[in-house]
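User: I'm new to protein structures and would like a close look at one part of this one. Please keep it informal.

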Amino acid sequence: MRRMVVALIVGVSLLLLGGGISYAKPQEWTSLCNHVVQPGETIWCIARGYGVSPWAITTQNGVVNPNQIEPGMVLSIPDVPATLPPGPTCARQCPDGDPSSDCTCETYHTVALGSNLYRISLLYGVSMWEIADCNGVLNLNRIQAGQVLCIPE
């Protein structure tokens, strides 16, 4: 019994002194463009469409579970070329790999829980209509926490 108590105290002490888990900041690459996820698309088919690493797409966008991307999410496509095995390929939304000429991103904003386009527009001094247009958002009330938005100049 005494050994169990000593082991428990040592274990708790190591947890408290260890400082817990630390996470590295995700790698940031230059972005080819933004891709709005369509119904039925996966990280792998999007990666094949642009010829980039699916791992880089998930890392760049903070996607924890690549199997749970949803239609309407905006993914920044990093410039990390990769050769991928054959499989379903999604349509490119910026065919030349260049951002749309209509929209030049000054910065990117990751949507927080409870946030909306109006608040985001006030934060950056940009019209919510411009942000929606630049990111392919059709319903101004339908943005999701974790979604990365291009904030136009």
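Which element of the chain has the lowest mean pLDDT, and which the highest? After that, please zoom in on helix α3: what covers its buried residues?

Analyst: Before we zoom in, note that this is a predicted model, where local features need pLDDT of at least 70 and side-chain atom pairs count only at pLDDT 80 or more, while totals for chains, interfaces and linings use all residues. Residues are numbered from 1 along each chain as its sequence is written, and side-chain values use heavy atoms, with hydrogens and water left out.

On to your first question. Helix α1 (residues 2-18) has the lowest mean pLDDT of the elements, at 60, and helix α4 (residues 117-124) has the highest, at 94. That score is the predictor's confidence in each residue, from 0 to 100. For the chain, the mean is 80, with 79% of residues at 70 or more. Over residues 17-25 the score stays under 50, and the model gives that stretch one contact beyond four places in sequence (a contact means heavy atoms within 4.5 Å).

Now for the setting of α3. The chain has five helices and four strands, running α-β-α-α-β-β-α-α-β from the N terminus. Helices (H or I, at least four residues) and strands (E, at least two) are DSSP runs, numbered from the N terminus.

Here's helix α3 itself, residues 54-61: seven of its eight residues are buried, so the rest of the structure largely encloses it. Buried means under 20% relative accessible area, exposed means over 50%, and partly exposed is in between (1.4 Å probe, protein chains only). The buried ones are Pro54, Ala56, Ile57, Thr58, Thr59, Gln60 and Asn61. Their cover includes α2 (43-50), β2 (74-78) and β4 (148-152).

Both ends have a detail to spot. At the N-terminal end, Ser53 acts as a cap, with a side-chain oxygen 3.2 Å from the backbone nitrogen of Trp55. Just past the other end, Gly62 has a positive phi of about 65°.

Two of the covering elements also hold cysteines in disulfides (pairs of cysteine sulfur atoms within 2.5 Å). Cys45 is joined to Cys90, S to S 1.6 Å; Cys45 sits in helix α2, and Cys90 in the loop between β2 and β3 (105-110). Cys150 is joined to Cys105, S to S 1.8 Å. Because Cys105 is in strand β3 and Cys150 in strand β4, that pair ties together parts 45 residues apart in sequence. Cys150 is buried at 0% relative accessible area, whereas Cys105 is partly exposed at 23%.

Key
Polar contact = N/O pair within 3.5 Å; in protein donor to acceptor, adjacent residues only side chain to side chain.
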